[in-house]
Amino acid sequence: MKKIFQYIAVLLLIVITGSCTDKFNEINTDPDAYSTAPYTNILCYCLQNTAMNWGDDLSDLSTWAGFISKIQYPDNYHYISTDNFFGNKWLCTYTTVSDLNDIMTRSQSDTIGNKNMRNVCKVWKCFLVMMTTDCYGDIPYSEAWKATEGVLKTPYDSQKSVYMAIDSTLSAVADSWASGEGTDKLGPGDVMFSGSIKKWQRFCNSLRLRLAVRLVNVEPDKSKATVEKILNNSTTYPVIDNCDDNAYQRWDGTSTYYDRYYNDYLTRDDYGISEIFMNYLVNQKDPRRTVIAKVAASDGKYRGQYNGVNSISGSINQYSRMGAFYRENPKGFSPYYKACETYFAEAEAAMRGWNVPLTAEEAYDKGVTCSMTDNGLSVDSANVYLENKGKFDGTYSRLYHEWWTSLFKENIEAWSLYRRTGYPDEIHNSIVTYSDKKTVKQYPGEYCYYGTTHNDVPFRFPYPNNQELYNADNLKKVQNGIKDYCWGKKMYWDTRSDNEYY
Amino acid sequence: MLFLAYLFACVCTATAQTSKVDGVVISADDGQPIIGASITVKGEKVGAITDIDGTFTLENVPLGVKTLVVSFIGMKSKELPIKSNMKIVLESSQRMLNEVVVTALGISRDKKSIGNAMQTVKTDELTAAAAPSITSALSGKVAGTQVNTFGGTVGASARISIRGNSSLDNDQQPLIVVDGIPISNSVNRSGDNTYGGVDYGSGINDINVEDIESVTVLKGGAAALYGMRAGNGVILITTKSGNKKKGTTVSYDGSLTVDYVVNLPKMQNLYGEGHDGDEYHWKQNSEGLTYQDYSSKYGFSYVDGKGGGVNDGYDESWGPRMNNGLKLLQFDSNGVAAPWVSDKNNIMDFFQHGITQNHTVSVASTSDNVQVRASLSYRKQTGTVPNTDESRYGGSVNATIKLNKQVSMNFDGNYTRTKSGNLLDQGYKDNNPMQGLIEWSGRQINMKNLKKYWAQTDAAGNYTYYNWIHEYHTNPYFVMNKNLNTYQRDRFFGKSSLQYNPFSWLKVEGRMGVDYYNAESKECIYFDYDYPNGYFDQRILSNTEFNTDLMVTATKTFGNLNVVGIVGTNYRDNLWEDNEVECSGLTIPGVYTVGNATSPVYTMDHSHIRSNSVYGNLSLGWKGQLYMDASARNDWSSTIKKSFFYPSVSMSWLPLESFKILKSKTLSFFKLRASYADIGSATSAYKNQNYYYAEKSTFNGVTQLYKSTTLNNPDLKPENIHTWEVGSEIGLFEDRLHFDIAYYQKRTTDQILNITTSDVIGYSYMLVNAGQINNKGVELQFRGDILRSERGLNWTTTVNFSRDRSKVIALYKGIDSYGMGWTWGIATQARVGSQWGDLVGTTYQRTTDGAIKLSSDGTPVTASAQVMGNVNPDYLISWLHDFRWRNWSGGLMLDFRKGGKIWSQTMMHTYVTGTASITAKNGIRTKACVPGQDISTNERFEQYNSTTGKWEKATCTVDAQNWYESLFTANETYMFDGSFLKLREMHLTYDFPKSILSKTKYISRASISLVGDNVALLWVDRSNTLRLDPECGGVSSDSRGVGLEQASAPSSRSIGIKLNLTF
């Protein structure tokens, strides 16, 4: 009997130790994942993820920019936080920057050998963060991305300090590249500029220019200094001043990565050209209307839809849709910065009497011509337009209307332009009179959940549910003054009067 | 006293003469001889066993001895006066207290010795009503076990939860063990578990119900021997093996049932498709038009079905009044205005009668050394949704062979093929016909025309996609006939075991078992408005779980002490693999090849887990009255760095055996039990280090890599469950009334939490061991033999009651809510201080006395991220009745659930689109309505009066369409109380009497039954305005789907016949 127990004991021992646990580490290593990743492949993901979320801005943003009106389901949104839209953009920024930070951390040991890649990461981080703060205002920044350091509840930074941080980062990158490109290659993952450091350098300086102009009303001295410094030193600080250098994210045209507008077009038909934009283009005899819009199927005329109607009556065939160039190309583009923006910025600087190379009219004309080129139109047609209704008349209204038109499909920029300048003033002034004689402001529109409490498009995005749920204490500290998610507290660079715009 | 009798008997033996007694033992059930019954002479050492004819002969029976004791397993023992040529009839003893149950590791034990709550369901109870699957057969039959079948589709999966919900893991289903071998019960579901997907059923349903001998549910500490896998309880399934009696029998079990769709959502039949078409809007904006002219100009007029006419791209029913003499252009009116009339049966028209047939042929044979059973089965179900089906082919063998006195072997093998030509796509997508039939629809749509013309083609032979609308929704018949989701799963599970008994008290058993399946699904879309250029997704999943056990069992009796000791080891290896190719954008429609796709996306996923374990169990029994069990298990798992130890201890005491004086006819049985255990719930693979992952597709040809969005945890531990319970069983009046009551507490700590972070910290999730959920609950089983009579009516009633309360004690520092399920802005969460499973969403803001606040323009004021209710039922009761009268038997089961909130997507969309009956009640579309008075009358509404500074009864008026549209974002509106009373099962069986069968010579047993499953939804709560079956589910079969209803297919009632023949 004892023998049997001995046998059993030995047998058990064999089973346990024989099939022992030293293979466990190997077994528990995921064969479908990677323990390390080349920088260029991470960069590719960051660029794609940015485009996927920030380049997919039809819903709401396109209407706030005054370009688009909903011709079906106008009642889908009431300016209430819907996480699919507002939350995804926020999430995109924070996860993408986290990946960019990963490159920064890993390349720390060789900053010289990774100069280009590190600079690109910084620029892209600034680009993302600037769009994000332009939508949300105060955001977590200086204490963000610190999970591994134990910062799980992140305080918010004021929008001003975020802006200053972006500005100094971009300036540092600009100076770094001004002193010469690095030796490292960005690799195939640079799906934005195909590895051209020169183009990245231009993009970096263009963002500085965009930032400076944005702050014109709140930091006029800083704004002036930056604009003059960049535009008068085109060799040290080259900018995007040629349509070929436009910062467009091209889509690869496979079904996963269709152009976002095309992706929507494939299955939905909810977006028409807004009445104010359509009327403006037609009134201007702007040749771009044929590219931006289609004629209505019902009668072959250009006709926009009122913004903000609560329900649509009659056939939707009476309204113009977006043009095929912008919406029906699976390999379309998401625009981030257009050369014309540089010229319009320069025109504004000139009008303010700042020291820049071009006169206001010269810069304005160049901007309009660039925009025509962007739309595939000839220089001749630009010239015709500039001699007629498009002629520069020295007013901010003329400049900003052109700027607005040129920003089609670049909705966040157009919305920011409006919030900074109040132009196009149609967004604020247009009304619509319904058959029951009721008169309503087109923006925010009849379907606005808050009735007539507000008379303008939203000033800001609602903060995402994620922050309400998981960072509420810090969020509360910056929510003071926000009304109905989207109104109340304006962007720090938005100096429009609280009495007039609410 | 006993001693004296014994002494007396001995004396007698020594002095008396002997005689010979013979006779036959037959069964009262079927009149057949019983083979192997034991006959002993009371008080003597003389005995015999009945032979193949049931006969016995006792030589040397001392004269003067008067009594024979006859016994046989499963029969009531009898004591009879000795006669010659005895005919002894034994009755089966269903109520035998010496019931033997199968416990952890397949060990058979006397039920009375068990110190834990466990409940067994026998084959008859499972199969009586011809339930379509084991999960539905188990529904309501075990106290403390909730089985929730998801929806009314063919092959629907089910979620089983034992003793409430205590884990925050998505998957917290019990471990399934068949004949000692764990098998996978994973749900094969495609989709995102959030908005949609196809349900390919629960793994457990690969087992043919007719092959099952019994199902035992180990609820708490009883599962402790399974260590790291025991956390959510264990379901032990024992399959049938051979006959109890010697000989060979052939049986046929068959059933044929018809499924009728019931519980369709309640729709309105007053207004058709369109917008602003009702009388109210006409009066507001009439411009002097007649209702006819207004309706065609502003309400609805069909031109192209995509906005070219008037509201003809609107998939809503806010259009003109029907059956009112209006004539309007319609999709099927060929350009001519046609009468605008309702079609109130149009949803019903879409469904068809489903038919389910089930056939099992089995052979069972028992001889001296061999006990074997083999079966072949075929099951075919066609769904109530047109062109959906599932077939299952099964074969099983279970053989035990005694090779010699010491060595025996067992082989047990099951093969199943489950195959579907098409299954319903579920959730919010065009490819789910429920969306365009029920949720976004026109109430005038003529379904017959859609059926007639779905395959219409133009001159070039291309489909015209004939439909009532030409965006968002595809003709439902086209979807069901052209966009097919096919499936095939091949599965084998079984074991081989060898037993060696070197001594009568020692047994060594080696066991090797495998569970393997390979499942291939192909989801094809020829065309729909989500994928106008076609789509397909082909996926091959395979899973192999391999288990080896070596067990040594020693059984010894030392005086009054019975000792059973077991030591064993387990080696487990689990490989899982998923290969998927997803293609959208097909060049040639309807050709589902990779070459035909513009950008196929391949995905591979693997998981490999290995574990080693040692375990031991010691059972002590003293004098048949006091029992104690202690078990221990240590687990080493590849997924976890440390090893983990799981102890348990339980006791059972039968006071009536200790104090026999207490035993009486009134109090015939009394048992007290208590147990304590530590058990665990392990994690899945690859969770303890950080990785980079690749996006599924390249972008412009470049591989995209990103850092894990989850911060993984190198020190991960398994979830830990400490549980104790006390219980008692009481039998009164010779056990005619039997109570089994259990009270338990569970403390689940070290929950493996994938914490949603404030997403600005660099990670969206963090994997941590944290949190604590406490559960406590009561389970009560009551059985009463109300009527008991051998020739008359027998009536047994059984009640199962259970109530579980969980409380989230803690989560993670600084985190007071944890998300599980999510859809449409609704989250199911665990919130500190509350029960598991709070539904969180946008609610109304209410005044202190509960009235809903309205803003000045008459829209409700809402607040986001508020708790709306909890998904857990307050309690569950099932009430079973079994009747027997001569050859007739019958049964029915009522199932009652109290509470458990459900958020319904069907409700949300039928309200906002104006198809729900509530949206056209009481003439609300004909007038301006005062909220609370004319519309939404179940609530009170108040508005702020700035002059008085108070909230006062709302006096504003709203129109119905705007009102229901403005409620859209208030998720609270679409939540209902999931209470129900159901007649779940019903059956009536006639057993043909032996007298008739004996004439056929071949048939030894025959019965025919009328059966019904999910017979009637008798009552639902008032808040369930659509009268949905509260058991209809969402698009996830795990924790994420609980409490969320999503465009589910209506459930059906099955009625049919069942036939059993034994040859």
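These questions and answers concern side-chain contacts in a predicted model.

Reader: How are the rings of Tyr326(A) and Phe408(A) arranged, stacked or edge-to-face?

Author: The ring centres of Tyr326(A) and Phe408(A) are 4.8 Å apart, and pairing requires centres within 6.5 Å. Their planes stand at 90°, and planes over 60 degrees apart count as edge-to-face. The pair of Tyr326(A) and Phe408(A) is therefore edge-to-face.

Reader: How many residues apart are Tyr326(A) and Phe408(A) in the chain?

Author: Tyr326(A) belongs to helix α13 of chain A. Phe408(A) sits in the loop between α17 and α18 of chain A. The pair links distant parts of the chain, and the separation is 82 residues.

Reader: Which residue forms a salt bridge with Arg163(B)?

Author: Arg163(B) is buried, as is its partner. The closest N and O atoms of the two are 3.0 Å apart, and a salt bridge needs such atoms within 4 Å. The partner is Glu725(B).

Reader: Why does the pair of Arg163(B) and Glu725(B) tie together parts that are far apart in sequence, and how many residues lie between these positions?

Author: Arg163(B) lies in the loop between β12 and β13 of chain B, whereas Glu725(B) lies in strand β38 of chain B. The pair therefore ties together parts whose distance in sequence is 562 residues.

Reader: Is Arg417(B) buried or partly exposed?

Author: Arg417(B) forms a salt bridge with Asp490(B). Asp490(B) has 17% relative accessibility and counts as buried, as buried means under 20%. Arg417(B) has 28%, so it counts as partly exposed.

Note on methods. Residues numbered from 1 in each chain as written. Chains lettered and ligands numbered in written order. Predicted model: local features only at pLDDT ≥ 70, side-chain atom pairs only at ≥ 80, totals over all residues. Heavy atoms only, no water. Phe/Tyr/Trp six-rings, centres within 6.5 Å; stacked < 30°, edge-to-face > 60°. Helix = DSSP H or I, 4+ residues; strand = E, 2+ residues; numbered from the N terminus. Salt bridge = Lys/Arg side-chain N within 4 Å of Asp/Glu carboxyl O. Buried < 20%, exposed > 50% of the residue type's maximum accessible area, 1.4 Å probe, protein only.
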